[in-house]
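Student: I am new to this structure. Please take me closely through the charged side chains and the bonds between side chains, one step after another.

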Amino acid sequence: MADQPADKKLFENLSGAGKAIGVLTSGGDAQGMNAAVRAVVRMGIYVEAKVYFIYEGYQGMVDGGDNIVEVSWESVSSILQVGGTVIGSARCKEFRTREGRLKAAFNLIQRGITNLCVIGGDGSLTGANLFREEWSGLLEELAQSGKIEEEAVKKYVYLNIVGMVGSIDNDFCGTDMTIGTDSALHRIIEVVDAIMTTAQSHQRTFVLEVMGRHCGYLALVSALACGADWVFIPEYPPEEGWEEQMCVKLSENRARKKRLNIIIVAEGAIDSHNKPITSEKVKDLVVQQLGFDTRVTILGHVQRGGTPSAFDRILASRMGVEAVLALLEATPDTPACVVSLSGNQAVRLPLMECVQMTQEVQKAMDERKFCEAVRLRGRSFENNLNTYKLLSHRRPDAELPKDDLSCSTNFNVAVLNVGAPAAGMNAAVRSAVRVGITEGHNMFAVIDGFEGFARGQIKEISWGDVGGWTGQGGSLLGTKRTLPAKYLEKIADQMRANNINALMVIGGFEAYESCLQLAEARARFEEFCIPICVLPATISNNVPGTDFSIGADTALNAIVETCDRIKQSASGTKRRVFIIETMGGYCGYLANMGGLAAGADAAYVFEEQFDIRELQANVEHLTEKMKTSIQRGLVLRNENSNENYTTDFIYQLYSEEGKGVFDCRKNVLGHMQQGGAPSPFDRNFGTKISAKAVQWISKKLKETYRKEEGKVFANTQDSVCLLGMRRRNLLFQPVVDLKDQADFVHRIPKEQWWLKLRPLMKILAKYKTSYDVSDSGQLEHVARHSPKEAETGAI
C-alpha cells in the first residue's frame with residue numbers, strides 16, 4: 001500500500017481485531033434490513049472483529065441465551081433478496097426499564113460486545129442512545145451486585161452505538177431515504193398500475209390508503225409517481241373548503257374524458273383542524289357529491305412485504321459498511337451516530353440531533369405549524385411537495401385563447417427525446433408539458449427526435465394529452481439516436497416556422513452531444529440562440545455532469561430481479577456459476593451496481609481493466625467458495641467491458657477451469673433492461689427534474705426576451721445547460737463546460753462516482769481489496785436548511 005497517495009485514508013489501517021459487534025433489528029420491519037445485516041456481518045468479519053446476531057431486537061438482548069449468537073460469513077448468505085428481517089424484530093417493554101437494560105448489559109458483557117449496530121426507527125435508536133449513556137452506571141451496578149468482575153468494568157468501559165434507519169415511512173429527519181422506503185413505493189406503484197387498468201375499464205374513482213401515520217412521504221411520492229388527482233398527507237392539510245375544490249377538480253377531469261380518478265390518502269391524514277381524513281370519508285364525499293362509482297383500497301402490510309428493490313439493497317449495503325467503519329473509528333467522546341443518505345452521499349450525523357428534529361416535526365404539526373413541519377422534514381420532502389403543487393393545479397388561463405395570454409409569458413417551448421428509450425422519459429415529458437402550461441407557455445412535442453424535427457413532425461401538446469403518461473415505459477414521443485449535425489439547416493427552418501423559443505432535450509449521451517452541436521452552430525444559425533436544457537435519461541447512466549440518469553434505476557431493478565430468479569434456479573442444483581451480460585455500452589454502472597445489489601462474486605467493467613490473471617483469480621475464488629455451504633456463483637459482465645474477453649470467452653474459460661468443481665451457465669439480458677414500467681425512483685426523478693428545468697427555461701426566456709425586436713436571443717454559454725444530480729445537489733451546468741469531463745470515443749464521463757463503490761462488492765464477496773474511506777468518518781450536523789437552499793435540493 002506504500003504507493004497510495006498521502007491524502008487517502010485507507011480502511012486497511014482500521015482493525016476490528018479484539019472487538020465484538022452486535023447487530024439487531026428493532027421496531028417495524030422494512031425491506032432491505034437483511035442487506036444491512038449482511039453488510040455489517042461481512043464487513044465486521046472482514047476487519048477481523050467478532051460479529052453477533054441479536055435475535056428479536058431488544059427483547060433478545062434482555063433475554064440473552066440463544067438470542068445472542070456469534071455468526072460466520074455463510075450465516076448471511078442468501079438473505080440479500082429476502083424482505084423483512086431474518087433476525088426478527090420485537091417491541092420490548094422490558095428494555096424501557098432500567099432493570100431490563102441491566103439484564104441487557106450483563107448479556108452483552110458476557111460476550112465482550114461493546115459495539116452495537118441498531119437498525120430501526122427513531123424509538124429504537126433513542127433507546128440505544130439511553131443505553132449508551134447509562135452504560136458505565138449499569139456496569140458499576142452489575143459489579144456491586146457481584147455479577148461481573150471489577151476488571152470487566154475497566155475493560156468494557158464504554159459502549160459504541162451506530163444506527164441505521166429502517167422505516168418504510170421515511171419519517172426520520174437527517175436522511176433523504178430510510179431503508180425500506182423505496183421498496184414500499186414499489187409495492188404501492190405495482191398496485192396503482194394494476195388498479196388503473198381496471199378503473200379505466202369502468203370509469204371508476206379509486207381511493208387508495210397508504211401507510212404513514214405521522215409522515216406523508218409514501219402518499220406524496222406515490223401521488224407524484226402515478227399522477228394522482230388529489231393527495232392527503234398529515235404535514236400539509238387541505239385548506240378550508242377542500243371538499244368542494246376536490247369535487248370540482250374530479251368532475252372537470254371526468255368532463256375532459258379522463259376515465260379514472262385516483263385519490264391517495266396517508267393513514268394519518270388530517271384537515272386544518274387536526275381532524276382525521278379517512279379513506280371512507282373521502283369515498284362517501286365523492287359518491288354523495290358526484291355520484292361517481294368509487295372504491296376504496298387499503299394497502300396495509302403489503303407495503304412492508306416483498307423483496308427489497310435494487311435501491312434499498314445498495315443503500316443498506318453502503319450504510320452497513322459505513323456503520324462498521326463508524327464503530328471502528330469511534331472514541332469515548334464520539335456521540336452515538338446514525339448513518340444516513342444526503343443526495344448521493346453516505347454521511348454520519350449525531351443520532352440525538354436527528355431524533356430531536358424528528359420530534360420537532362410532530363410538535364410543529366400538533367401546534368398546527370404545518371409550513372414549519374414541511375421545512376423540518378427536509379429538502380427532499382419539500383421538493384416533492386412543491387413539485388406536486390406545481391403539477392396538480394392547472395391555471396385557468398391555460399384554457400384561454402392564445403391572444404389572451406400576456407406576451408411576456410406566451411413562449412413556444414419544444415420537448416423531444418433523443419437516444420435509446422429509457423423508462424421515466426414519459427414522466428419527464430408530462431411534467432414539462434404541465435409545468436410549461438402552468439407557466440403560460442405553449443408546449444410543442446417533437447416526434448422521433450431530431451430526425452422528426454427536420455421533417456417537421458412537431459405538434460402542439462395540451463394538458464390532457466399527457467394524462468396517464470407517468471407509468472408508461474419507453475418513449476411515447478418516439479426517439480432516435482440521430483444527432484442534429486447533418487440536419488442543422490432543416491431544424492433551423494422548422495424552429496423559425498414554428499417560432500420555437502426554447503428547447504428541452506431528454507435523453508442520454510446523444511442528447512448531451514446534440515445540444516453541444518446546437519450550441520456550436522449558433523454562430524451560423526440564429527434560431528439556436530434560445531435557452532436549451534438537457535435532461536439525462538438513459539439506462540446506461542453514462543451522461544457527463546450527473547450521478548444519476550432517468551431510466552437507470554428501472555434497468556437496475558430488471559437486472560436484479562433476473563439475478564434473483566437465476567440464483568433461485570441454482571438452489572436445487574449445487575455448484576453452479578452464472579455469467580450474466582448486462583447492457584450499458586462502455587459504462588459499467590449497471591454491471592457494477594447490479595452486482596452489488598444481487599450479491600455477485602465479480603463484475604467486469606470497461607472502466608477497470610482486467611486481464612487473464614484476474615479471471616484466473618476469480619475462478620480460484622469460486623472454487624474455494626464451492627467447498628463451503630454456499631455452492632453457487634454469480635458473475636456480471638458489462639457488454640463492452642473487453643473486446644477479447646467476451647461473455648462467451650469467460651463462459652468457456654470458467655467452464656474449462658471449473659471442470660469437476662462447478663458447471664457454468666450464461667445469460668445475455670438484452671433489451672429487457674430497457675423495457676417495463678418505470679420504477680418509482682425514475683418516475684419521481686423524471687417528474688421533479690423536468691419541473692425544475694421548465695422553471696429554469698422560463699427564467700432564461702424572461703432574461704433573454706428582447707421586447708423591441710419581439711424575440712428571444714440567448715447566446716451565452718449558460719443558456720445551454722444540462723441539469724444533473726451531483727453528490728448532494730441538482731445543478732444546471734453549461735454543456736460546453738462538461739466537454740472536458742466527457743470521453744467522446746467511449747461515450748462515458750471521465751470520472752464516475754460509482755467506481756468508489758467497487759471495493760464494497762469485492763469485500764462483501766470475500767475478496768481482499770483496498771477501499772478509500774477519505775470521504776467518510778466526518779461527523780456532520782443536521783442541516784436546518786433555509787427555503788433558498790431547498791431549491792438545490794436532493795430528490
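Tutor: What follows starts with the salt bridges, then turns to a charged patch, two backbone angles and the cysteines. Keep in mind that this is a predicted model.

Begin with the total. The count of salt bridges comes to 37. Three pairs and one network deserve a close look.

Take D293 and R204. Their side chains meet in a salt bridge, at 2.9 Å from N to O. The two partners come from distant parts of the chain, 89 residues apart. D293 sits in the loop between α9 (279-290) and β9 (294-298). R204 sits in the loop between α6 (181-202) and β6 (205-210). How exposed is each partner? D293 has a relative accessible area of 31%, so it counts as partly exposed. R204 has 14%, which means that it counts as buried.

Now go to E322 and R348. Here the salt bridge spans 2.8 Å, again from N to O. This pair also links distant parts of the chain, 26 residues apart. E322 belongs to helix α10 (residues 310-329), while R348 belongs to strand β11 (residues 345-350). So a helix and a strand are linked by this pair. Are these residues buried or exposed? Both E322 and R348 are buried.

The third pair is R496 and E527. Their side chains form a salt bridge of 2.2 Å, N to O. R496 lies in helix α16 (residues 488-497). E527 lies in the loop between α17 (509-520) and β16 (532-536). The pair therefore ties together parts that are 31 residues apart in sequence. E527 is buried, because its relative accessible area is 19% and the limit is under 20%.

Salt bridges can also share partners. That is how R98, R101, E134 and E141 are joined into one network.

Next, look at charges on the surface. R91, K93, R96 and R213 form a positive surface patch. Pick out K93 from this group. K93 is found in the loop between β3 (68-70) and α3 (98-110). Its relative accessibility is 72%, so K93 counts as exposed.

Turn now to the backbone. Two charged residues have a positive phi without being glycine: E48, near 75°, and R368, near 60°. Where do they sit? E48 is in the loop between α1 (33-46) and β2 (50-54). R368 is in the loop between α11 (351-366) and α12 (370-377). E48 is exposed, with a relative accessible area of 55%. R368 is partly exposed, at 45%.

Last come the cysteines. A disulfide is a covalent bond between the sulfur atoms of two cysteines. How many disulfides are there here? The count is zero. Why does C247 have no such bond? The closest cysteine sulfur, in C226, is 19 Å from the sulfur of C247, and that is too far for a bond. C247 is also buried, with a relative accessible area of 6%. C533 is in no disulfide either. For C533, the nearest cysteine sulfur is that of C721, 6.8 Å away. A disulfide needs the two sulfur atoms within 2.5 Å, so this pair does not qualify. C533 is buried too, with a relative accessible area of 0%.

Conventions
Residues numbered from 1 in each chain as written. Predicted model: local features only at pLDDT ≥ 70, side-chain atom pairs only at ≥ 80, totals over all residues. Heavy atoms only, no water. Salt bridge = Lys/Arg side-chain N within 4 Å of Asp/Glu carboxyl O. Helix = DSSP H or I, 4+ residues; strand = E, 2+ residues; numbered from the N terminus. Buried < 20%, exposed > 50% of the residue type's maximum accessible area, 1.4 Å probe, protein only. Patch = residues over 30% accessible without salt bridge, like charges linked within 9 Å, V, L, I, M, F, W, Y side chains within 5 Å. Areas by Shrake-Rupley, 256 points an atom, 1.4 Å probe, with all protein chains shown as cover. Lys, Arg positive; Asp, Glu negative; His and termini not counted. Charge placed at Lys NZ, Arg CZ, Asp CG, Glu CD.
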